[in-house]
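Reader: Please take me through this model and give the grounds for each label you use.

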Amino acid sequence: MEVKLWNDKREREMYDNFAELFAIIKATEKLEKAYVRDIISPAEYETECQKLIAHFKTLSSTLKDTVPSIERFHDTYKMDCPAALNRLVTSGVPATVEHRAAAAMSATTSAAVVAECVQNFITAMDSLKLNMVAVDQVHPLLSDLSSSLNKLSILPADFEGKTKMREWLSRLSKMGAADELTEQQARQLHFDLESSYNSFMAALPTAGT
């Protein structure tokens, strides 16, 4: 005896859509695993993934009244497809696109931080040339420089500029705000800044390769 899951054409269409949604989620899970295991090329993965995401978006929009939560649908049918949920629901773009976006953002961020470091180096050196040697004038400049250098992940922890700025900040913190650097201290600080700046500029091409 044949058992029907539907009573009319509308119900049949709903179950057909459920089956298609189920198939898309399963196919996406397999695709994600194949990509992670290098079974398919990034180009093949991206093409197929974009197709699945497009189908998913169209179908989930059609089913928004009967399937308000894809996660609940996934759990109800015990699908065990976490990678597919992440790709289809959370991300919405292929992993290759995510990686390119992250790389571009990282490059943009690094360029901005490099510019910030250069500006802070120049500001600190120019200030000393203008005889701005009071602790409450020097400390904020070195603090800004130290902070910007620490943001740049391409520089090692023992980078000359980082260690020199830490040493100077420690020295200044033991002095009063109105205290001033002696001529010898100011000269040494300027030398350390210039040396650190040159090391910084020399490190950039190596870090970028």
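The exchange below takes up overall form, helices, salt bridges and a few single residues in turn.

Author: A caution comes before the labels: this is a predicted model.

Reader: What elements make up the protein, and in what order do they run?

Author: The protein has 8 helices and 0 strands. From the N terminus the order is α-α-α-α-α-α-α-α.

Reader: How do you know whether the protein is spread out or a compact globule?

Author: Its radius of gyration is 29 Å, and the globule rule gives 17 Å for 209 residues; the value is well over the rule, so the protein is more spread out than a compact globule. The C-alpha trace spans about 100 × 35 × 25 Å along the principal axes. Of the 209 residues, 35% count as buried.

Reader: Which domains is the protein divided into, and what separates their centres?

Author: Domain 1 covers 9-93 and domain 2 covers 106-202. Their centres, taken over C-alpha atoms, are separated by 52 Å.

Reader: How do you know that the span of helix α2 agrees with its number of residues?

Author: Helix α2 (residues 42-62) has 21 residues, which at 1.5 Å a residue should span 30 Å; the end C-alpha atoms are 30 Å apart, so the two agree.

Reader: What makes one face of α2 the buried one?

Author: The buried residues of α2 are Tyr-45, Glu-46, Cys-49, Leu-52, Ile-53, Phe-56, Leu-59 and Ser-60. Viewed down the axis of α2, they fall within an arc of 165 degrees, and therefore line one face of the helix. Ala-43, Thr-58 and Thr-62, on the other side of α2, are exposed.

Reader: What does helix α1 show in span and in buried residues?

Author: Helix α1 (residues 9-36) has 28 residues and reaches 41 Å from first to last C-alpha, close to the expected 40 Å. Its buried residues include Phe-18, Leu-21, Ile-24, Ile-25 and Leu-31, and also Glu-29 and Glu-32. Just after α1, Asp-38 takes a positive phi of about 60 degrees.

Reader: Why is the pair Arg-100 and Glu-46 called a salt bridge?

Author: The closest N and O atoms of Arg-100 and Glu-46 are 3.1 Å apart, and the cut-off for a side-chain nitrogen of Arg and a carboxyl oxygen of Glu is within 4 Å, so the pair qualifies. Arg-100 lies in helix α5 (residues 95-129) and Glu-46 in helix α2, so this salt bridge ties together parts that are 54 residues apart in sequence. The structure holds 7 salt bridges.

Reader: Why is Glu-46 called buried or exposed?

Author: The relative accessible area of Glu-46 is 16%. Buried means under 20%, so Glu-46 is buried.

Reader: What links Arg-87 and Glu-98, and which residues form a network with salt bridges?

Author: The side chains of Arg-87 and Glu-98 meet in a salt bridge of 3.2 Å, N to O. This pair links distant parts of the chain, Arg-87 being in helix α4 (residues 82-91) and Glu-98 in helix α5, 11 residues apart. Glu-32, Arg-87 and Glu-98 are linked in a network of salt bridges. Arg-87, at 4% relative accessibility, counts as buried, whereas Glu-98, at 31%, counts as partly exposed.

Reader: What makes Glu-116 and Lys-151 a tie between parts of the chain?

Author: Glu-116 forms a salt bridge with Lys-151, with the closest N and O atoms 3.1 Å apart. Glu-116 lies in helix α5 and Lys-151 in helix α6 (residues 135-151), so the pair ties together parts that are 35 residues apart in sequence. Glu-116 is partly exposed at 29%, and Lys-151 is partly exposed at 48%.

Reader: How do you know whether Val-113 is buried or exposed, and which residues does Val-113 touch?

Author: Val-113 lies in helix α5. Its relative accessible area is 9%, and the cut-off for buried is under 20%, so Val-113 is buried. Leaving out residues up to four places away in sequence, Val-113 touches Ser-148, Lys-151 and Leu-152.

Reader: Where does Gly-176 lie, and why is Gly-176 called partly exposed?

Author: Gly-176 lies in the loop between α7 (160-173) and α8 (183-208). Its relative accessible area is 30%; buried is under 20% and exposed is over 50%, so Gly-176 falls in between and is partly exposed. The C-alpha atoms of Gly-176 and Val-135 are separated by 6.9 Å, with their positions 41 residues apart along the chain.

How values were computed
Residues numbered from 1 in each chain as written. Predicted model: local features only at pLDDT ≥ 70, side-chain atom pairs only at ≥ 80, totals over all residues. Heavy atoms only, no water. Helix = DSSP H or I, 4+ residues; strand = E, 2+ residues; numbered from the N terminus. Expected span 1.5 Å × (residues − 1). Buried < 20%, exposed > 50% of the residue type's maximum accessible area, 1.4 Å probe, protein only. Arc of directions from axis to C-beta. Domains from an automatic or database assignment. Rg over C-alpha atoms; globule rule 2.2 N^0.38 Å. Contact = heavy atoms within 4.5 Å.
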